[in-house]
Amino acid sequence: MAEATSAPAVTVRRGTVDDIPAFRALGEAVVPPTYGPIDAAYAQRMLDEWWVAEVFEKSLARNTHLVAERDGQLVALSSFGRLSRSYRDFPYVTGDREVMWKLYVHPEHQGLGIGSRLLSEVETLVEGDELWLEVVDGNDHAYDFYLAHGFEEVHRVGDRAWPDDIWLRKRLRDGSR
Ligand SMILES: CC(C)(COP(=O)(O)OP(=O)(O)OC[C@H]1O[C@@H](n2cnc3c(N)ncnc32)[C@H](O)[C@@H]1OP(=O)(O)O)[C@@H](O)C(=O)NCCC(=O)NCCS
């Protein structure tokens, strides 16, 4: 009998401070190949400023983190929360919004449905009827992935020194205005 091809055994759970070393290892694996071709200095800045223990501690205190594991290895991370609870400033945004701050799948585990699964779990957990996220201009793979999953581009934010950010939004539930 033919061997059944089964989906990878992936488990999803909440992330905690105990995962911070694994978050960092994931960042070292996924950030350079994702952003290096766009702007190598920006990729390094991301790792140095945002993928560090102190920032994860702050983020874990304010946002929800979901991790995906295969065979005990943390292979993907997503985080989300309200913009008003962020430790960053967004002077160009009026009002509040629910934002997915991170969705990162280890390069060796991409294309297996893990990103889609985490996104769908985030969509069921967020409050409100919209989910927003920023994608870096030039990250075409992620941009196309999000458009294929129902997001639309709303606006772009540039600060000249670094690549633009593109804000995408998905309307989650029928019955919203
Ligand atoms: C973008 C990313 C999160 C997608 O996660 P993934 O696990 O690789 O994607 P999946 O395997 O879940 O993709 C599932 C579906 O999306 C489709 N898809 C994936 N990438 C796509 C793309 N670039 N364009 C169109 N469709 C795409 C797949 O064909 C698949 O469709 P199917 O279910 O109908 O077969 C992942 O590739 C990643 O971590 N990239 C690097 C980091 C990054 O850029 N993160 C986003 C920061 S904003």
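In what follows, Ala, Val, Leu, Ile, Met, Phe, Trp, Tyr, Cys and Pro count as nonpolar, Asp, Glu, Lys and Arg as charged, and the others, Gly among them, as polar. On that basis, the shell around the ligand in this predicted model holds 11 nonpolar, nine polar and two charged residues.

A good place to begin the tour is the site itself. The ligand sits in the largest pocket. Two or more shell residues come from each of helix H1 (20–35), strand S4 (98–105), helix H4 (114–125) and helix H5 (140–148). Of these elements, H5 gives the most, with six residues. The ligand is surrounded by 22 residues, and the ones that come nearest are Leu103, Val105, Gly113, Gly115 and Ser116.

Polar contacts with the ligand involve both backbone and side-chain atoms. An oxygen atom of the ligand lies 2.8 Å from a backbone N or O atom of Gly111. For His141, a backbone N or O atom is found 3.0 Å from a nitrogen atom of the ligand, while Gln110 places a polar side-chain atom 3.4 Å from a ligand nitrogen atom. On its own, the ligand has 940 Å² of accessible area, of which the protein covers 71%.

Aromatic rings offer another view of the fold. The model contains 12 aromatic pairs. One of them joins Phe23 and Phe56 in a tilted arrangement, with 5.0 Å from centre to centre and 55 degrees between the planes. This pair links distant parts of the chain, as Phe23 belongs to helix H1 and Phe56 to helix H3 (residues 53–62), 33 residues apart. Helix H1 thus appears in both views, giving two or more residues to the ligand shell and carrying Phe23 of the aromatic pair.

Definitions and conventions: Residues numbered from 1 in each chain as written. Predicted model: local features only at pLDDT ≥ 70, side-chain atom pairs only at ≥ 80, totals over all residues. Heavy atoms only, no water. Near = heavy atom within 4 Å. Polar contact = N/O pair within 3.5 Å; in protein donor to acceptor, adjacent residues only side chain to side chain. Areas by Shrake-Rupley, 256 points an atom, 1.4 Å probe, with all protein chains shown as cover. 1 Å grid on protein atoms, 1.4 Å probe; cavity = no way out; pocket = protein on both sides within 12 Å on 5 of 7 lines; lining within 4 Å. Sits in = over half its atoms within 2 Å of the grid points. Helix = DSSP H or I, 4+ residues; strand = E, 2+ residues; numbered from the N terminus. Phe/Tyr/Trp six-rings, centres within 6.5 Å; stacked < 30°, edge-to-face > 60°.
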